[in-house]
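Please open the structure in your viewer and keep the sequence beside it, since this tour moves from one selection to the next and says at each stop what is there.

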Amino acid sequence: MTFEELYAYLLQKFGEEVITGQDEQSSPKAILVDSATIVEILSFLHEDEHLYFDMLSCLTGLDNGPEVGTMEVIYNLYSIPYDQSLMVKVTLPQDKLEIESVSSIWQTAEWHEREVFDLLGISFLNHPDLRRILLPNDWEGHPLRKDYQEQEYYHGIKVKY
Amino acid sequence: MSTVQYDSDPKNLALSEPTKYKPEQLKTEEMLINIGPQHPSTHGVLRLEVITDGEVVVDVVPHMGYLHRCFEKHAEALPYNQIIPYVDRMDYVAAMNSEHAYVMGVERMLGIQEQIPKRVEYIRVLVAELNRLASHFVALGTYGMDIGAFTPFLWMMRDREHIQRLLEWTCGARMLYNYIWIGGLFYDLPVGFEERCTDFVNYLKPKLKELEDLLISNKIFVDRTANVGVLPLELAINYGITGPMLRGSGLKFDLRRVDGYSVYPELEFEVPIGTGEMGTTGDCWDRSWVRAQECFQSVNIIEQCLKQLTIDHRRTREFDPREMVPKKIRPKAQDLYVRAENPKGELGFFFRADGRSDIPFRCKARACSFVNLSVLPEIAKGHLIGDLIAIIGSIDFVLGEVDR
């Protein structure tokens, strides 16, 4: 299935409120999706027999900076039987940084989402175990935010060098 | 009188990372044991919180981040070409492979991937396969040591030393190379490299056979690893497992074949998969066997590359490996996900370029070790503690890449 066919197929299934657009510049080509229905769309992509995206290759969180005021979550899907890749992008407003967890679909998302939560502070609803993963539990702030300022001291150790 | 240092006192643990399981959550017969972060069998600084019932593992909770340097934050402050040394330091036993993946991504963003000279591509594949051998030697050698075989470790380290010296000859560094550049290479291969490498390959072939006899088909090794840590294929895909672990579970999935990047479509090699020869498909033995077979395939690829580099794409006086290296690396605004087959699995990079600067807006590394490690709690449940060590070794992760 080419990207155009896939896009039309999804548009017909979900409608324009949910599938808000496409990005042909990116590689693999991306669809833009409304954040409220992410689990519904991704589980359709996972289970539909014509698509069957059985692998979640990568899950990226991204901060667009305080001027823009949005963050993004980007899912890189891959279908082993059809040898097809797809990027799914979701935009979140800065004042409501939460999105439904997809770890019920792909268990690999569990750690990816913990990482995004840790480094960007996006919280994933219905996540089984949302703790920090790379940074210590008592670290302040989320380093990958564009306006991040590191804390002065951590347990009496000077952080800035 | 001062108290003995290891008297149990709750204050001793005040500064360590809190455990997921609290003492009051445990059943009477259960016990919480910490393995690591300094234990050699955890292959680096990984801390495992193990809930045990007698000798049986009830649950495992990995705690990592002890080597965390926030590569991704560094990458947001550096030009594309200066990120390569940081990429080296992710998977430090297979730096060439990581560089290759990263560089491919940037070249695709610039749209110059078709213009890279063939000789450069063959050299890239040659050094990447040499590094793949070195990585598998570390994996198999330390795995043997984890479960009680000391000799294979020394033999593997001896052979890895030859590879490291060859790679040192190309670029001056033993492990962290910065050899593959965007658009080309640091230098051409040194004069005489092809001959020396051919000698090495001829030396290595019987040694690999020895490795198979000594370790892989050794009865003690088979008894320790067969039917242990079985990873069913469906679970593996759901967990995003790639590399020898996925192939050990019986799926012929190798990105060198599936994506056919670089010059891999022109090279002949097999993709070995686990079949459950000694036990169940997807057990620790299958994964080790796949790694050992991949060593043979890598040798095969190296030989073909050497043939190409000495006959069709010979060294010439005019050849300049930096010919295509761009003076200014400024990709147009786009998102790109690139992936390549590392010794440990699929290494992916997600880039966002804003089109206005030489610095990536976001550069995310999808680390194969990180993803592969996430399946550990699932496959270790119900095994003995001794088998847990065998399972950790068979996953073959590098903490530098898990923590980034």
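How many residues of chain A are in contact with chain B, and how many of chain B with chain A? Select both chains: 30 residues of chain A are in contact with 32 residues of chain B, where two residues are in contact if their C-beta atoms, placed from the backbone, lie within 7 Å. Before going further, note that this is a predicted model, in which local features need pLDDT of at least 70 and side-chain atom pairs count only at pLDDT 80 or more, while totals for chains, interfaces and linings use all residues. Residues are numbered from 1 along each chain as its sequence is written, and chains are lettered from A and ligands numbered from 1 in the order in which they are written.

**Chain A and its side towards chain B**

Stay with the side of chain A that touches chain B, and colour strand 3 (55-63), strand 4 (70-79) and helix 3 (109-120) of chain A, the elements that give two or more residues to it. Helices (H or I, at least four residues) and strands (E, at least two) are DSSP runs, numbered from the N terminus. Strand 3 of chain A gives the most to this side, with 6 residues. By class, the side holds 17 nonpolar, 10 polar and 3 charged residues; Ala, Val, Leu, Ile, Met, Phe, Trp, Tyr, Cys and Pro count as nonpolar, Asp, Glu, Lys and Arg as charged, and the others, Gly among them, as polar.

Now show chain A alone, whose secondary structure comes to 3 helices and 9 strands, following the pattern α-β-β-α-β-β-β-β-α-β-β-β along the sequence. Its C-alpha trace spans about 55 × 30 × 25 Å along the principal axes of chain A. Of the 161 residues of chain A, 35% count as buried, a residue being buried if 20 or more other C-beta atoms lie within 10 Å of its own, exposed if 12 or fewer, and partly exposed in between, with C-beta atoms placed from the backbone.

**The sheet of strands 1, 2 and 3 in chain B**

Turn to chain B and select strands 1, 2 and 3, which form an open sheet in the order 1-2-3 with antiparallel pairing; two strands pair if DSSP finds at least two bridges between them. Strand 1 (30-35) and strand 3 of chain B stand at the edges, each with a single partner strand, so one side of each is left without a neighbour in the sheet. Neighbouring strands of this sheet are turned by 20° against each other on average, direction ignored; axes are lines fitted to C-alpha atoms, for helices over the stretch in contact, and angles run from 0 to 180 degrees between N-to-C directions.

Within this sheet, 7 bridges join strand 2 (residues 47-53) of chain B to strand 3 (residues 56-63) of chain B. To follow the pairing, pick B:Ile51, whose bridge partner in strand 3 of chain B is B:Asp59, and then B:Val50, whose bridge partner there is B:Val60. The two strands form a hairpin with 2 residues between them, and B:Gly54 in the turn has a positive phi of about 65°.

**The sheet of strands 6, 7 and 8 in chain B**

Next select strands 6, 7 and 8 of chain B, an open sheet of 3 strands in the order 6-7-8, again with antiparallel pairing. The twist averages 15° from one strand to the next. Strand 6 of chain B is joined to strand 7 (residues 345-353) of chain B by 9 bridges, and B:Arg339 stands opposite B:Gly348 in strand 7 of chain B. Add helix 3 (residues 95-110) of chain B, which lies across strand 6 and strand 7 of chain B and runs at about 150° to strand 6 of chain B.

**Two helices of chain B**

For the last stop, select helix 11 (residues 284-310) and helix 14 (residues 385-395) of chain B, which pack at an angle of about 30° with their axes 9 Å apart. The contact is made by B:Cys284, B:Arg287 and B:Ser288 of helix 11 of chain B and B:Ala390, B:Ile391 and B:Ser394 of helix 14 of chain B. Helix 14 of chain B is mostly covered, with 9 of its 11 residues buried, among them B:Asp387, B:Leu388 and B:Ile389. Just after helix 14 of chain B comes B:Asp396, whose phi is positive, near 60°.
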